[in-house]
Amino acid sequence: MSKTYYDPADLRKFGKITEWSEELGNKFFDYYGKVFEEGALTAREKSLIALAVAHTEQCPYCIDAYSKDGLQRGITKEEMMEAIHVGAAIKSGATLVHGVQMMNKVNKLDG
């Protein structure tokens, strides 16, 4: 097996980010935990959103974590893939809509 830049074992070390900045690390984990509590959205819905965002942000650690979390919450493979497509559509749409800025600039310069 070849070694990759991202080591899956590093995901288990995530909690150690508090070691070099305890106050800020703890504040992050407090916030993170609060975000994922049940609220207007269920934990299942939040897990599915997190999985889609993990893909748009291209975070392999988050993809691993929320793939596993989603399965544990009963999210189906089909639901996961559909959520990823929603994220991809938003990401590509956001890229393309910024093309209007380019068109405005080119029209101004070409004017």
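1. Rings of Phe, Tyr and Trp (its six-membered ring) count as a pair if their centres lie within 6.5 Å. In this predicted model, ring pairs of that kind join Phe14, Phe28, Phe29, Tyr32, Phe36 and Tyr66 into a cluster, and the structure as a whole holds eight aromatic pairs.

2. One of the eight aromatic pairs is formed by Tyr6 and Tyr61, whose arrangement is edge-to-face, with 5.4 Å from centre to centre and 80° between the planes. This pair links distant parts of the chain, since Tyr6 lies in the segment before helix 1 (22–35) while Tyr61 belongs to helix 3 (residues 60–72), 55 residues apart.

3. As for the surroundings of these two tyrosines, Tyr6 counts as partly exposed because its relative accessibility is 39%, and Tyr61, with a relative accessible area of 21%, is likewise partly exposed. The value for Tyr61 is 21%, and the cut-off that matters here is that buried means under 20%.

4. Within the cluster that includes Phe28 and Tyr32, the rings of these two residues have their centres 5.4 Å apart and their planes at 40°, so the pair is described as tilted. Phe28 and Tyr32 are four residues apart in helix 1, which means that about one helical turn separates them.

5. The accessibility of this second pair can be read in the same way: Phe28 has a relative accessibility of 31% and therefore counts as partly exposed, and Tyr32 is partly exposed as well, with a relative accessible area of 28%.

Conventions
Residues numbered from 1 in each chain as written. Predicted model: local features only at pLDDT ≥ 70, side-chain atom pairs only at ≥ 80, totals over all residues. Heavy atoms only, no water. Phe/Tyr/Trp six-rings, centres within 6.5 Å; stacked < 30°, edge-to-face > 60°. Helix = DSSP H or I, 4+ residues; strand = E, 2+ residues; numbered from the N terminus. Buried < 20%, exposed > 50% of the residue type's maximum accessible area, 1.4 Å probe, protein only.
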